[in-house]
Amino acid sequence: MITEDDYFCLIDGKNMNKKKIILTAVLSLIACFVIVLSIILINNQTKAKYDGTIIVDVIDLDGKEMKKKSIGFKEGETLVQLIEANFENVVFEDTGYGPFLKEIEGYKTPEDWSSYISVYVDNQYSQVGIGLIEFKDGTYISFRIETYNG
């Protein structure tokens with residue numbers, strides 16, 4: 001026989017299950033929104049806002065200039081597009097966080113990662129990936145081959 005207390009426990013249990021389902025659904029929708037927004041932001045490379053010229057060089061491990069170019073750009077172009085169009089043997093890897101420069105001008109990042117291509121903007125180590133670098137007329141971009149030992 002079901003008592004009055006048992007009856008209220010059953011009703012409360014059903015209400016709790018409904019609340020859990022609703023909460024789970026709302027949290028799932030929020031998580032999906034955050035994931036979609038993150039993907040959009042990651043894949044949205046920074047584009048030039050107006051026309052101009054940048055200077056780009058590639059420096060080897062010994063500090064010698066391998067290649068230096070003055071590159072004109074038009075509004076809407078990305079740094080990745082400019083590098084691919086103006087340098088030899090350019091290979092970008094999509095890391096999920098944006099493009100990563102693995103090869104340029106005959107240099108190839110070794111499998112053991114003993115050296116890599118670092119990016120400097122106006123002689124400052126870039127705090128963002130190449131796909132997010134903002135540039136304007138006169139910006140100086142330097143790709144420097146470096147080791148983790150300095």
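**Group meeting: two salt bridges and a nonpolar core**

Okay, let's start with the charged pairs: this structure holds two salt bridges. Before I go through them, please keep in mind that what you're looking at is a predicted model.

The pair I'd like to show you before the other is Lys67 with Glu105, where the closest N and O atoms are 4.0 Å apart. Lys67 sits in strand S2 and Glu105 in the loop between S4 and S5, so this pair ties together parts of the chain that are 38 residues apart in sequence. How covered up are the two partners? Lys67 is partly exposed, at a relative accessible area of 28%. Glu105, on the other hand, counts as buried, because its 17% relative accessibility is under the 20% cut-off.

Now the other pair. Glu93 bridges to Lys102, and here the closest N and O atoms are 3.3 Å apart. Glu93 is partly exposed, with 35% relative accessible area, while Lys102 comes out as buried at 18%. As a general reminder, side chains of opposite charge can pair when their charged atoms come close.

Let's stay with Glu93 and look at the strands around it. Strand S3, residues 91-94, runs antiparallel to strand S4, residues 99-104, and four bridges join them. Which residue of S4 does Glu93 stand opposite? That would be Phe100. S3 and S4 make a hairpin with four residues between the strands, and in it Gly96 takes a positive phi near 90 degrees.

Keep following the chain and S4 pairs again, this time with strand S5, residues 107-108, in the antiparallel sense over two bridges. Glu103 stands opposite Lys108 of S5. This is a hairpin too, with two residues between the strands, and the turn holds a familiar name: Glu105, with a positive phi of about 50 degrees. So that's our salt-bridge partner of Lys67 again.

Okay, zooming out. The protein chain has two helices and eight strands. Reading along the sequence, you get α-β-β-α-β-β-β-β-β-β. Of the 150 residues, 30% are buried. If you take contacts between residues at least 6 apart in sequence, 50% of them join residues at least 24 apart.

Next, the inside. The largest nonpolar core has 24 residues, and Ile83, Ile104 and Phe143 are the ones with the most contacts inside it. Which elements give two or more residues to this core? The strands are S1 (52-59), S2 (65-73), S4, S6 (115-121) and S8 (140-147), and helix H2 (79-86) joins them. H2 makes the largest contribution, with four residues.

If you have the viewer open, click on Phe143. Leaving out residues up to four places away in sequence, Phe143 touches quite a list, including Val56, Val58, Ile83, Leu101, Ile104, Ile117 and Ile130. The list isn't purely nonpolar, either: Asp57 and Ser118 are on it.

Last stop is the outside. The protein chain exposes about 10300 Å², and carbon and sulfur atoms supply 56% of that. One spot to look at is a nonpolar surface patch made of Ile22, Leu23, Val26, Leu27, Ile30, Phe33 and Val34, with about 690 Å² of accessible area together. To find the patch on screen, go to Leu23, which is in helix H1, residues 4-43.

That's my tour, so over to you for questions.

Notes:
Residues are numbered from 1 along each chain as its sequence is written. This is a predicted model: local features need pLDDT of at least 70, side-chain atom pairs count only at pLDDT 80 or more; totals for chains, interfaces and linings use all residues. Side-chain values use heavy atoms; hydrogens and water are left out. Two strands pair if DSSP finds at least two bridges between them. A nonpolar core is a set of buried Ala, Val, Leu, Ile, Met, Phe, Trp, Tyr and Cys residues joined through side-chain atoms within 4.5 Å. Buried means under 20% relative accessible area, exposed over 50%, partly exposed in between (1.4 Å probe, protein chains only). Contact means heavy atoms within 4.5 Å. Accessible areas come from the Shrake-Rupley method with a 1.4 Å probe; for residues, only the protein chains shown count as cover. A salt bridge is a side-chain nitrogen of Lys or Arg within 4 Å of a carboxyl oxygen of Asp or Glu. Patches are made of residues with over 30% relative accessible area and no salt bridge: like charges are joined within 9 Å, nonpolar side chains (Val, Leu, Ile, Met, Phe, Trp, Tyr) within 5 Å.
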